[in-house]
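Here's a walk through this one, helix by helix, with stops at the cores, the ligand and a few odd backbone angles. Have the viewer open as you read.

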Amino acid sequence: MDRQAFARTMRVLESRYPIRDWARGMTPFEILISTVLSQSTTVANERRGLEDLRARIGVITPRRVADTPEADITAAIWHAGLGRQKAPRIRRIAMEILERHGGRLEEVLALPTDRARAELMALPGVGPKTADVVLSMAGDHPTFPVDTHIARIARRWNLSRRGDYESIRSALERWTPPQKRKAWHLAIIAHGRSLCKARNPRCDECPVRQDCDWYRQHRAHGKRISRRNLRSPTKG
Ligand code: SF4
């Protein structure tokens, strides 16, 4: 897919999937915790974990999380899975934000994008994807977070020769105007959930198939789909 085809495709997807901002009404710290909870689980289970944590400690702030015993956090986030790994990580993040930023993640988000990204990635267990989600969803920074749906679709569209996180992110950012990155990030995820699924993508219903490399190579000529072609290159 070339740049023109990508822009055409994204215009179609943007109108098909109007923006649904899951982070609306949440504080930056809640968005960060929600993103940590979302690792290796479904949206529904992540939401349950967040709601249960809120029910257990009240408003989710760095101070309250740091003051809550780890075992209580583990029990509260049970629905989100991997509680024994996520609870200590969440607590360490809260303590670090208290120590380094006085409990105010907003101060980090007020920095220029590169510096804010570096500060977020200095927090324990925060990798590039989590940092980019927080920058985009909590701070309106022009990053293009790459989750598992976006990585798979970028591969099907041949957007990047390499399949690692940074290569896909920079390919998407190169072709996406800064003011469109959040909307297009959400639109591609919505497309991955509804039609361009990991297994059995619903290409016959897809409104962008005429520009899709994967469709041209595998469906338009009636070829069978191999396991390799269904594989996603990176983890979300
Ligand atoms: S044509 Fe198929 S593989 Fe291509 S974007 Fe649409 S659903 Fe995904």
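## Helix 10

The residues of helix 10 that count as buried are His149, Ile150, Ala151, Arg152, Ile153, Ala154 and Arg156. That is seven of the nine residues in the 148-156 stretch, so the rest of the structure largely encloses this helix. Keep in mind that this is a predicted model.

What sits over those buried positions? The cover includes helix 11, helix 12 and helix 13. Just past the end of helix 10, asparagine 158 takes a positive phi of about 55°. Arg156 also turns up again further down, as one of the residues surrounding the ligand.

## Helix 12

Helix 12 has 14 residues, and from its first C-alpha to its last it reaches 20 Å, close to the 20 Å expected at 1.5 Å a residue. Ten of those 14 residues are buried, so helix 12 is another one largely enclosed by its surroundings. The buried set is Arg181, Lys182, Trp184, His185, Leu186, Ala187, Ile188, Ile189, His191 and Gly192.

Among the elements covering them are helix 1 (3-16), helix 9, helix 10 and helix 11. Helix 10 and helix 12 thus show up in each other's cover.

## Helix 9

Helix 9 runs over residues 128-139, twelve in total, and spans 15 Å between its end C-alpha atoms, close to the 16 Å expected at 1.5 Å a residue. How many of its twelve residues are buried? Eleven of them, which leaves this helix mostly covered. The list goes Lys129, Thr130, Ala131, Asp132, Val133, Val134, Leu135, Ser136, Met137, Ala138 and Gly139.

The elements covering helix 9 include helix 2 (28-37), helix 7 (105-109), helix 8 (113-121), helix 11 (165-175) and helix 12 (181-194). Right after the helix, aspartate 140 has a positive phi of about 55°.

## Domains and cores

The protein splits into domain 1 (3-18 + 146-230) and domain 2 (28-139). Taken over C-alpha atoms, the two domain centres are 29 Å apart.

As a rule, in soluble globular proteins nonpolar side chains tend to be buried together. Here the largest nonpolar core has 31 residues, and the ones with the most contacts inside it are Leu32, Ile33, Ile77, Ile90, Ile93, Leu120 and Val134. Helix 2, helix 3, helix 5 (70-76), helix 6 (83-101), helix 7, helix 8 and helix 9 each give two or more residues to this core. Apart from it there's another core, of 24 residues, among them Val146, Trp157, Ala171 and Leu172.

For a close-up, click on isoleucine 90: leaving out residues up to four places away in sequence, it touches Ile33, Val36, Val65 and Ile73.

## Around the ligand

Which residues surround the ligand? They are Arg156, Leu195, Cys196, Pro201, Arg202, Cys203, Cys206, Val208, Arg209, Cys212, Trp214 and Tyr215. Sorted by class, the shell comes out as nine nonpolar, no polar and three charged residues.

Tyrosine 215 belongs to helix 13. It counts as buried because 20 C-beta neighbours fall inside 10 Å. Its C-alpha lies 7.0 Å from that of cysteine 203, twelve residues away in sequence. Both are in the ligand's shell.

## Loops with unusual phi

Most residues other than glycine have a negative phi. Serine 40 isn't a glycine, yet its phi is positive, about 60°. It sits in the loop between helix 2 and helix 3 (43-57). Is serine 40 buried, exposed or partly exposed? With 15 C-beta neighbours inside 10 Å, it counts as partly exposed.

Threonine 42 is in the loop between helix 2 and helix 3 as well, and is exposed, with 12 other C-beta atoms within 10 Å. Between the C-alpha atoms of threonine 42 and histidine 79 the separation is 9.9 Å, with their positions 37 residues apart along the chain.

Asparagine 200, again not a glycine, has a positive phi of about 55°. Its place is the loop between helix 12 and helix 13 (213-218), and it is exposed, with 8 other C-beta atoms within 10 Å.

Terms used. Residues are numbered from 1 along each chain as its sequence is written. This is a predicted model: local features need pLDDT of at least 70, side-chain atom pairs count only at pLDDT 80 or more; totals for chains, interfaces and linings use all residues. A residue is near a molecule or strand if its C-beta atom, placed from the backbone, lies within 6 Å of it. Ala, Val, Leu, Ile, Met, Phe, Trp, Tyr, Cys and Pro count as nonpolar, Asp, Glu, Lys and Arg as charged, and the others, Gly among them, as polar. Helices (H or I, at least four residues) and strands (E, at least two) are DSSP runs, numbered from the N terminus. The expected span of a helix is 1.5 Å times one less than its number of residues. Two residues are in contact if their C-beta atoms, placed from the backbone, lie within 7 Å. Domain bounds come from an automatic or database domain assignment. A nonpolar core is a set of buried Ala, Val, Leu, Ile, Met, Phe, Trp, Tyr and Cys residues joined through C-beta atoms within 7 Å.
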